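Please open the model in your viewer and keep the selection tool ready. The tour goes from stop to stop, saying what to select and what is found there.

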Amino acid sequence: MTPVMHGLAAGEDALPRFTLGRVFTEWEPVSWASLAILLTAALYAWGVVRMERRGDHWPVGRTLAFGSAMVFAAFATVAGLGVYDDTLLSDHMVQHMVLAMVVPLAMALGAPITLALRTLPRRPRRWLLAVLHSRVAKVLTFPPLTFALFVLTPWALYFSGWYSATLHSDYLHEMTHAHMVLVGCLFFWPLVGIDPIPGRIGYPARMLLVVLTLPFHAFMGVTIMGQKTLIGGSWYPALAEGPMGAWLPDPHSDQQVAGGILWSAGDAVGLLFFAVLFVQWVRASMREAEREDRRLDLLEAREARAAAAAAAAAQSPTGAVGGSPGSDGGR
């Protein structure tokens, strides 16, 4: 594997031709992203091991979900997608979809906050609970706010000077990746509803929010596809004039591909999550129906016992109406 560092415009070696295989063979192992991914994965693994050692069960599916989130995060930041993210806008758009939607969804399914509450020592657990119950957490997970952040952030990124600035600054580049994941977590975690965080709402409202994101992705994708001005300004034409010009596509054509990726991938992930929510809703309804059946069975059994006791009391000599035989003899 060939490690390649970010910042080609600074005079570093040109990247080889982009292919599907190079997405898996080109790596950028030394970065803040790789450190954050390793630390996050290690903390989650420590929690799972701690649960197992004390004899408590932690669902394997949640571990696999969180592990897949870390794999996708590494794939998008330190593997080939991350290496070529400032060389091809289409590559960056795939990275954007992975970081903003796939990684937060998989992390939410892994329930890391629930795991932390079950495994942290008493004092850190109190700190975490204080954060979850704080006013700031309630504001940041307020569904209308998280929805606005989720749908407006891409517009601010691509139709302002923000994206161009990330191409010229490694620090801003990394912080934008973190911002994508954070905004995705704020939007998706309350909708998944596994972790005990504020902002959770009923299933009809969850599905409505997911459906509302679909036209935003489609409209933005179409807008990017039809835009004549290049996103990133002169960055991509300058790369095409350099050593990589022999294989780089026309920047306008690549931008059209990027818009199509945003449109199709955003809608695909959104519809998949809609299906997941629908299944969760059906299962929750079935569990609620089972609980209601058990409650009615218990109520019916209690009423039957009460009726049987009343009938037995009515048939007993001391419980008969009018008293026992000969009770009038003392009058």
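## Stop 1: Q256

Begin by selecting Q256, which sits in helix α14, residues 251–315. This is a predicted model. Q256 is classed as partly exposed because its relative accessibility is 45%. Now add M244 to the selection, 12 residues away from Q256 along the chain. The distance between the two C-alpha atoms is 20 Å.

## Stop 2: the salt bridges

Next, show charged side chains. Side chains of opposite charge can pair when their charged atoms come close. How many salt bridges does the structure hold? There are two.

For one of them, select R22 and E26, whose side chains form a salt bridge with an N to O distance of 3.4 Å. Are E26 and R22 buried or partly exposed? E26 counts as buried because its relative accessibility is 4%, under the 20% limit. R22 has a relative accessible area of 29%, so R22 is partly exposed.

For the other, select R54 and D56, where the closest N and O atoms of the salt bridge are 2.5 Å apart. R54 is partly exposed because its relative accessibility is 43%. D56 has 32% relative accessibility and therefore also counts as partly exposed.

## Stop 3: the largest pocket

Turn on a surface and look for the largest pocket, with a volume of about 1,100 Å³. Its lining is made up of 40 residues, and those closest to the centre are T40, M107, V181, C185 and W189. Select these five to find the middle of the pocket.

To see the surroundings, colour the helices that each give two or more residues to this lining: α2 (32–53), α3 (60–77), α5, α6, α7 (122–132), α8 and α11. Which of them gives the most? Helix α2 does, with 10 residues.

## Stop 4: the largest cavity

A search of the whole structure finds four cavities of 30 Å³ or more. The largest cavity has a volume of about 160 Å³. It is lined by 19 residues, and H96, A100, F150, P154 and H217 are the closest to its centre. Two or more lining residues come from each of α5, α9, α11 (170–192) and α12 (203–226). Helix α9 has the largest share of this lining, seven residues.

Keep A100 selected; this residue belongs to helix α5. A100 is buried because its relative accessible area is 7%. Leaving out residues up to four places away in sequence, A100 is in contact with F150, M180, G184 and F188. F150 is thus listed twice on this stop: as a contact of A100 and among the residues closest to the cavity centre.

For a long distance line, draw from the C-alpha atom of A100 to that of R294. The two atoms are 42 Å apart, and the residues are separated by 194 positions along the chain.

## Stop 5: H92 and A111

Stay with helix α5 and select H92, which is placed there. H92 counts as buried because its relative accessibility is 4%. Which residues does H92 touch, beyond those up to four places away in sequence? They are D85, L157, Y158, Y163 and M180. M180 is also among the contacts of A100.

Then move to A111, in the loop between α5 (89–109) and α6 (112–119). Check the backbone here: phi of A111 is near 50 degrees, a positive value in a residue that is not glycine. A111 is buried because its relative accessibility is 0%.

## Stop 6: the nonpolar patch

For the last stop, select V136, V139, L140, F142, L145 and L149, which form a nonpolar patch on the surface. Together they have about 490 Å² of accessible area. The elements contributing two or more residues to the patch are α8 (135–140) and α9 (143–158). Of the patch, α8 supplies the largest share, three residues.

Finish on V139, in helix α8. Is V139 buried or partly exposed? V139 is partly exposed, because its relative accessible area is 45%.

Note on methods:
Residues are numbered from 1 along each chain as its sequence is written. This is a predicted model: local features need pLDDT of at least 70, side-chain atom pairs count only at pLDDT 80 or more; totals for chains, interfaces and linings use all residues. Side-chain values use heavy atoms; hydrogens and water are left out. Helices (H or I, at least four residues) and strands (E, at least two) are DSSP runs, numbered from the N terminus. Buried means under 20% relative accessible area, exposed over 50%, partly exposed in between (1.4 Å probe, protein chains only). Patches are made of residues with over 30% relative accessible area and no salt bridge: like charges are joined within 9 Å, nonpolar side chains (Val, Leu, Ile, Met, Phe, Trp, Tyr) within 5 Å. Accessible areas come from the Shrake-Rupley method with a 1.4 Å probe; for residues, only the protein chains shown count as cover. A salt bridge is a side-chain nitrogen of Lys or Arg within 4 Å of a carboxyl oxygen of Asp or Glu. Contact means heavy atoms within 4.5 Å. On a 1 Å grid over the protein atoms alone, a cavity is a set of points where a 1.4 Å probe fits but cannot get out, and a pocket is an open set with protein on both sides within 12 Å along at least five of seven lines; lining residues have an atom within 4 Å of a point. Grid points are joined across faces, edges and corners, and a volume is the space filled by probe spheres set on the points.
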